[in-house]
Structure formats: structure tokens, C-alpha cells
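Reader: Could you take me on a close look at one part of this model, and then show me what else stands out around it? I would enjoy one connected answer.

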Amino acid sequence: MEITAKTAQQLRLTEEEFNLICEKLGRTPNFNELCAFSGMWSEHCSYKNSIKWLKTLPREGGRMLVKAGEENAGLMDIGDGYGVVFKIESHNHPSAIEPFQGAATGVGGIHRDIFTMGARPIAALNSLRFGRLEEEKTQHLLAGVVHGIGHYGNCFGVPTVGGEIYFEQCYHTNPLVNAMSVGIVPAGKTVSATAEGTGNPVMYVGSATGKDGIGGASFASADITSESAQELPAVQVGDPFQEKKLLEACLEVLATGAVVGMQDMGAAGIICSTAEMSAKGEVGMRIDLDKVPMRQQNMKAWELLLSESQERMLLVVEKGREEEVNAVFRKWDLESAVIGEVTDDGLLKFYMHGTLEAEIPAQELVLGGGAPQYSREYREPKYLEQINAFNPESVPVPQDLRAVAQQLIVLPSIASKRWIYHQYDSMVGTNNASTNAPSDAPVVVVKETGKGLAVTVDCNSRYVHADPYKGAQIAVAEAARNIVCSGGQPLGVTNCLNFGNPYDPEVYYQFVNAIKGMGDACRRFETPVTGGNVSFYNQNPDGPVFPTPTIGMVGLVDDLKKKMSLDFKNEGDLLYIVGSSRNDISCSEYLHKIVGTELSPAPHFDLEEEYALQQSVAGLIRDGLIASAHDLSEGGLFVALCESGFTRGLGFAVNTNKALRADAFLFGEAQSRVLVSVKPAQQGAFEAALKGVSFEAIGAVTKGGIQVDGQFWGNISEWKERYDTAIERILHPEPAIAGPTDPF
């Protein structure tokens, strides 16, 4: 067939990119070669529209052991001869089309990124976004995604310890499914995704290759439309039991010392793993595609190159030790085959039954090599004019604050997510230290060291939509605040940057300014960015999703005895807000969901104020001066008070700050505030320790009743029942019955 620019456009390459490929090859590519470029130069693999700005993020320093982008995941030192490996990635587009397999293979793929470095995954988290929960489509997507995450994670045997979920109309067509994995590796035991040694065999191990997932990388680089469901072959099919065997086999084969390099076959499959390993080692490979284990007959060369069948790895091993490697994979009943060898010419040569099907310089395919890098136009979005015009005085303070609180506590983005997390195994491996003593960030025990890892995923995308720079700073700050409130020291960040179409100047403005905000916050908290991924084209015919730069952060809890939980401990303990309360209702769930104001500025945030707050809270925990700590976020103070009381059935009696609007005090989401409880005997020491930091005494813990400004608002048990069952009540409505209208 004749290969033209039109052929390239059908493969989601531009005419300019087709001409560049011809220039680099010195000829017109054949179809197999063009398919290889379509996968490798897709946004998903090449970061061609984002790499310029990603390079501005802080990527060194602290406890970093490898620079961002050097390996499949970030690696940081946690002492005692161990490192933590962690990464977050998206599987948004596949989950929009086939939610179960899309989410399941997202979990499988992120775990492979961890153990391809020689680390053992010990914890998983996820960050999810859907449309309005009341809509049938949202319920279908939610059920499939949650089932997929639970199925893969539970069968694979790694606990899902935490996450977040939001419901906003902008995610109706294009949900976001971001999966994070955290693993542990002994110092010096990591393996690199590098090919070295001319003549060393290239081995394929794991599951056989099929036609599922072909073109998945380029599919992830396109807008979602009503016709996207016709692209079902782009959705991979996962098998967690195969992945469990692959994990154990890979860790066992690494222990033999026979492996030179190892790479997961993820996006763009064989072409990606061969290209990246070769380019990194500045070598080439000769690959016989007909030797690839296949589960479908008569697969073509381009199908084998681009298939994203799951649970597969590419290994470069020492020559002469092939049988040693084969023996390990036979033991685990997994496919293994020598499919080629390392060469010294920098070329990837793919053969099929002795016929050369493609010949491409490895460097021309990869990020930082021949892949194009673009600087897109950007301009301030028009909607920001409406945001800046918001006047809080136009919103009257409600007379019945209790009624507002009742509405707020059952909002799907605030209410208990137990319907979701009950489907996840959070205790397999018994490393979870947060099950009976909840904390802002789950804490996972590192058995080998006796230390803990505080892990979290955070991003309020409504804040980022309102102010991309400030909103991204808040995402980093809240992640760090959650770790600090749990007794940890923030170490580093992985990010999953979910945005709309980068060719839209207003979307690209959001992206650029979010990167700037994220970078400034990471530098202040000394949390370098270890890696992550960019997911553009989260866009549907109605427009883009909210800009959602999800922050995955890991912190170290050196002394597990100092782990801090969020639950109130005893009746009579004193309640304080550490930080400054403000007359701020902007961008709050209260303002948006209850009042109905769609556009308003991001809530108050100051980076230096936040840093000082976190240093103070860390000191209070270190010195044993507080009994609980819970950051104020969605829903504001009242929701934080309830959540702190739920675990032990303890209530609270508080007084509002008369210098502020009552709705702002109770429901506002101004940042840099933490709710703490203090034993009466430690009141003096606590207040003395906070010199230079604002704080406010607001009340005390009660036996079970809730009082606000002396008014009885019911018992904590009644609020907990509504909070716990809110999502179930939407998913499974109860028949209407006559009776009192007050649910409390």
C-alpha cells in the first residue's frame, strides 16, 4: 500500500509529523514503521505537548536516588538500607469505554511499573472523578471502575489503602481513573530498564500476546466522543493471577543476577519497551516477531508491535544464561522466549519469518530523542472574568445552619465512601496501620525497617479550575498537610496531570499555570517530583474536564509510636483550630452544591503560611501535645468535626467566631487550617508551643451530642448514619414512606 500523509493522519499523526518521520528516516516509512511512530509519538508516550513544562519541575534533591524520568518510577531513600518506589498513572480513556477492564488494567500497569524496578508493591491508592452520581451513566461507570480496581488489586494481593473520589458534571463523559502504587526495595537491588551488551539475548516473558489493546497509546491521545465505544479493541484485558505469578517470577529471576535490564510492556507494547531500553543503553536490537508467544493466529507485524496485552515484560539477560531464566518462568507456568538480541548499531530491526518488516533508529522514537517537542499557544480562559466578579456579599448567611450542615454531610463528594472501599481489600499483607485509627493519610508499615510510609493522593480540581496556579499549589499543600497530620515527613511527589485538549489555548493556559504552581509548592516543601504521567484529551463535545493535576505523595513516619490519627479520643478534650479562620466561602462545596454558585475564586491560600502551619503541627505531634489532628478541606470545619467524632462516637460543642460569617466559619474551605484535640492537662504547653502561629479555641469534645453556639444539633450517631449511607441511598433508593421529614 502507498504510505502518505493521509495514512499518518488515520494513525493520529499530523502531516508535519509525517514529513518529519520521512526526514529522519531519509525515506517514506512502511506501514509497520509508521504504526511504530504513531504509538511512540502519541501524546501518551512522547509527552510532546508537555515535556517543555515538565522539565521546569524540581526533579532532584532530598532523598531522591534516581532523577525523574530515569526509570519507570520514582525511587527515594527511607533509611535502614531500603528505598520506596512509587508512581501514579491514568487509565481514563479505557475506563470511559470499558470501565471494568479499563480500571483493572490501570491497576495492573502501575504495579508492573513498580516491580519492573525490582521492588515489591505493598500499597495501592486511587483518585477517581465521575459525573453526577444521580445519573445512570455515572452509576454504570462507578460500578465498573470500582469492581475493576477491587478485582485486580484483591486478586493480585496488594492492599488498596486510600484514595479520593469526586463527583462533578464535567466528568460525565470522561471520568478520571488514576492509580498509584507504592513498593519497597533493598538498597542496591533495583534493576534498570536498559539494554546493554552486544549479543545479549532479548527475552519475552509473561502472558502471550493477543490483539487486545492495539493502539491503546494513540487512543489515549484523542478526545472521547459518542463513537469512541466503537474502538473497544483499544481496551486491554487483564489477569491479576497472571500478574501475581509474573511479580514473583520477576523478583526471583532478578535474584539470580542473570538479568541485565528489564522493562514492562505497557503503552505501545513491544515497540515501546524495545525502543526505550535500546535508546537508554545507546544500542539497537534485532527482534524476530514470529518468536513472540501469541494467543491468536496470523497476527501481523504491526499488531505484534502495538499490542498492549497485559502481564508481559521484556528482559535483556546475560548471554549463556537463557536456560537459567527460562527455568524460573517455567516454574511459575509463564511464557518465556528468546525473541532477539542486542546489537551495536542503534537500530531496531523487526523481522517476521526472516523478512525485515521495520527498521528504525531507536533514538528517533523516544522522548528526548527524535520525538517532537511543541510549545503550544495559551491564553487566559474567558470564564475567569466571571470568577473574579464573584461577590460573597451577594450570598446571604443562611438562617438555619443546621439544615445546611445536613445537606452538606450527604453530598457524594463529602460523604463516606464505604460503598467503594468495602470492595477493596485494605488488609492483605497486614501492613495497613490506619484501619482502626484513621488518619488523614493512610500509614503503611515497612516491616523490614519498623518504620511507616504515609501515602496520599490529593487534588481539588474545582480549586484548580478557579485558579490553576493557586489550585495546583493547594493540591501539593494538602497532600503534604495530610502526611504531616498523620505524623509523617513529606518525601516526594508523583503526579498525574489530567487536562483537556492541549491544542485549546485556554486548556493549555490551565496546564502551564498548574505546572508553575505545582513546581513552586514542591520546592517549598522540599518534595521533588519523581515522575508520573500526563493525560491530555480529557475532553468531550461539551468541553474539557476541570484541570486535575492529581498529586500522589509519600512521607516517612520514622517512629510509628508518633503516628497521629484524626479521631477524638476522650470526652472533655479541648478543640482548637491551628491556623487562621477567614471570611471565605469561595469555591466551597457549600457555595457550589448548596447555594448553587457555579463560579467563584479559589479559597484563601498562602504558601508561606501553609509551610509555617505544617512545621508547627509536626512539632506538636513530635512533642506529644495533641491527641488528634485532621486537616480542614472539603466541607470545612463542621465536616472535619463530624469525621473526627465518628470513629469513637464522640460529639462536640463549639462556638462560632462572631467576627466572621457563620457559614464561612463552619463550611468555608480557606486553606492552612488543622482541627486538633488537646488533653486539658496539656493546654498550657500546647498554647505555649504555638508562638508565632495563629490558633483559636473553639470548644470541647462531648460524650456524643453536637452543639453549635449552644444549640443542640442531634447526636453524632445520627450524623454518622446519614454520612455512612448517603451514597448507598442514591445508588439504591428506599421506597418513600410517610413520617417525619427531618432525617435526624
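Author: Happy to. F329 sits in helix α13, which spans residues 322-331. Keep in mind that this is a predicted model. With a relative accessible area of 0%, F329 is buried, because buried means under 20%. Setting aside the neighbours within four places in sequence, the contacts of F329 include V205, L246, A249, C250 and V253. On the same terms, F329 also touches L315, L334, E335 and S336. As for E252, its C-alpha lies 9.2 Å from that of F329, and the two are 77 residues apart in sequence.

Let's move on to the annotated site. The UniProt annotation "binding site", from an unreviewed entry, covers E89 and N533. These residues are spread over 445 residues of sequence, yet they cluster in space, with a largest C-alpha distance of 5.6 Å.

You may like to take the two one by one. E89 belongs to strand β2, residues 82-90. Its relative accessibility is 23%, so E89 counts as partly exposed, a class that lies between under 20% for buried and over 50% for exposed. The side chains of E89 and K87 are joined by a polar contact of 2.9 Å. Beyond four places in sequence, E89 is in contact with I110, D113, V177, N178, A179, C496, G532 and N533.

N533, for its part, is found in strand β16, residues 529-535. At 3% relative accessibility, N533 counts as buried. Leaving aside its neighbours within four places in sequence, N533 contacts H44, Y47, I88, E89, S90, N495, C496 and L497. C496 is therefore a contact of E89 and also of N533, and the two annotated residues touch each other.

Two of the contacts of E89, I110 and A179, lead us to one more feature, since both are among the residues that line the largest cavity. The structure holds 1 cavity of 30 Å³ or more, and the largest cavity has about 70 Å³ of space. Its lining is made up of V107, I110, H111, A124, L125, N126, I149, G153, T160, A179 and M180. Two or more lining residues come from each of α7 (99-115), β3 (120-130), α8 (136-156) and β5 (176-186). By character, the lining divides into 7 nonpolar and 4 polar residues, with no charged ones.

Technical notes:
Residues numbered from 1 in each chain as written. Predicted model: local features only at pLDDT ≥ 70, side-chain atom pairs only at ≥ 80, totals over all residues. Heavy atoms only, no water. UniProt positions renumbered as here; feature names shortened; annotations may be inferred. Helix = DSSP H or I, 4+ residues; strand = E, 2+ residues; numbered from the N terminus. Buried < 20%, exposed > 50% of the residue type's maximum accessible area, 1.4 Å probe, protein only. Contact = heavy atoms within 4.5 Å. Polar contact = N/O pair within 3.5 Å; in protein donor to acceptor, adjacent residues only side chain to side chain. 1 Å grid on protein atoms, 1.4 Å probe; cavity = no way out; pocket = protein on both sides within 12 Å on 5 of 7 lines; lining within 4 Å. Points joined across faces, edges and corners; volume = space filled by probe spheres on them. Nonpolar A, V, L, I, M, F, W, Y, C, P; charged D, E, K, R; others polar.
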